[in-house]
Amino acid sequence: MAGKSPLQEELSCPVCTEIFRDPVVLKCSHSFCKACLQKYWEQKERSLSTAGSEELCSLHNQELKLFCLEDQALICVICQTSEKHENHKLQPVQEAAEEYKEKLRTALAPLQEKLKAFNKVKLVCDQTAEHIKSQAQHTERQIRMEFEKLQQFLKDEEAAKISALREEDEQKSQMMKVKIDKMTEEMSSLSEQIRAIEQELGAEDISLLQSYKDTEKRAQCTLQVPEKVSGPLFDVAKHLGNLKYRVREKMGTVQYSEYWGQGVPHSHCTERIFSILSTS
């Protein structure tokens, strides 16, 4: 291959030896391809990082190749001849590391077993917690269902009691209406008699005397004044007397639920309900 001309040499990157691509001029007046310059610095930084990862002895700037078992410290080959480490048991770093790794593996095994035991217990606890939650939710649903039954029972009882009350109200009201209508009719007849006699009293003497016998007969009233209504005609005691006790007794006949059938009767719940009703 023919050599480059002076102009080509002038326009070539010293790193890739190719014609400049996106050239960059440094303060020292040298020129490089921008990509070549970046690649160079990346490689330079990696090499510095690798070199810095090797630890050296702070006293002798030598590689740490030995481990002092007495002082539990890394030392270099010069340190082992010092008075500080005289007659100390030493091991190569790799050998000491393997020995300590084995010790850590031995110590790690029971920890791992213990973690497995913890995991088993936690699994049981998690399952128990879920079971408790499920039981609580199921029991809550049962409680709501039972109270809905009790509430419906109380509503039905209320409706029955009110229906009986209204039926008696209708009967007693009808009875009083008949009595009032009869009295109204008799009072109207009596009022007519009174008006007729009052008219005769205002008549002429001759006319009065002529019709006296008829007027006298008319004045003889055969109507009987009805007895006064005494005492309450409505049987309040029938509807309110021992109401809570009677409802409680009826409620006691309600069948046990699946939960209460295990030993907790409805009466326990009804006692709670009536204790609430008693304070309301």
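Start by selecting asparagine 242, which at 59% relative accessibility counts as exposed; bear in mind throughout that the model on your screen is a predicted one. Asparagine 242 lies in the loop between helix H6 (236-240) and helix H7 (243-251), and although this residue is not a glycine, its phi is positive, at about 50°.

Next, select asparagine 61, another residue other than glycine with a positive phi, here near 55°. Asparagine 61 belongs to the loop between helix H2 (34-52) and S3, and with a relative accessible area of 53% it is exposed.

Now colour the whole chain by secondary structure. Eight helices and five strands should appear, and if you follow them along the sequence, their order is α-β-β-α-β-β-β-α-α-α-α-α-α. Of the 280 residues, 14% count as buried, while the chain exposes about 23,200 Å², of which carbon and sulfur atoms supply 56%. When contacts between residues at least 6 apart in sequence are considered, 36% of them join residues at least 24 apart.

From this overview, move to strand S3 and select leucine 66, which has its place there. Is leucine 66 buried or exposed? Its relative accessible area is 13%, and because the limit for buried is under 20%, leucine 66 counts as buried. If you display its surroundings and leave aside neighbours within four places in sequence, you will find leucine 66 in contact with ten residues that can be picked out in turn: Ala73, Leu74, Ile75, Cys76, Val77, Gln80, Leu90, Gln91, Pro92 and Val93. For a distance to check in the viewer, take the C-alpha atoms of leucine 66 and cysteine 79, which are 9.0 Å apart in space and 13 residues apart in sequence.

Staying in S3 (residues 66-68), select phenylalanine 67 together with tyrosine 100 of helix H3 (residues 93-201), two residues that lie 33 positions apart and whose pairing links distant parts of the chain. The structure holds one aromatic pair, and it is formed by phenylalanine 67 and tyrosine 100, with ring centres 5.5 Å apart and planes at 80°, an edge-to-face arrangement. Phenylalanine 67 counts as buried at 14% relative accessibility, whereas tyrosine 100 is partly exposed, at 26%. Which residue places its charged end over the ring of tyrosine 100? Add lysine 103 to the selection, and you will see that its charged end sits over that ring, 4.9 Å from the centre.

Then zoom out to show H3 as a whole. For its 109 residues, 1.5 Å a residue gives an expected span of 162 Å, and the end C-alpha atoms are 152 Å apart, which agrees. Select the buried residues of H3, namely Ala96, Gln142, Glu146, Leu150, Phe153, Glu157, Glu168, Gln193 and Ala196. As you look down the helix, it helps to remember that an α-helix has 3.6 residues a turn, so residues three or four places apart point the same way.

Finish with residues 166-200, a range that an unreviewed UniProt entry annotates as "coiled-coil region". In the model this span is 100% helix and 0% strand, and its end C-alpha atoms lie 50 Å apart.

Note on methods
Residues numbered from 1 in each chain as written. Predicted model: local features only at pLDDT ≥ 70, side-chain atom pairs only at ≥ 80, totals over all residues. Heavy atoms only, no water. Phe/Tyr/Trp six-rings, centres within 6.5 Å; stacked < 30°, edge-to-face > 60°. Helix = DSSP H or I, 4+ residues; strand = E, 2+ residues; numbered from the N terminus. Buried < 20%, exposed > 50% of the residue type's maximum accessible area, 1.4 Å probe, protein only. Lys NZ or Arg CZ within 6 Å of the ring centre and 35° of its normal. Contact = heavy atoms within 4.5 Å. Areas by Shrake-Rupley, 256 points an atom, 1.4 Å probe, with all protein chains shown as cover. UniProt positions renumbered as here; feature names shortened; annotations may be inferred. Expected span 1.5 Å × (residues − 1).
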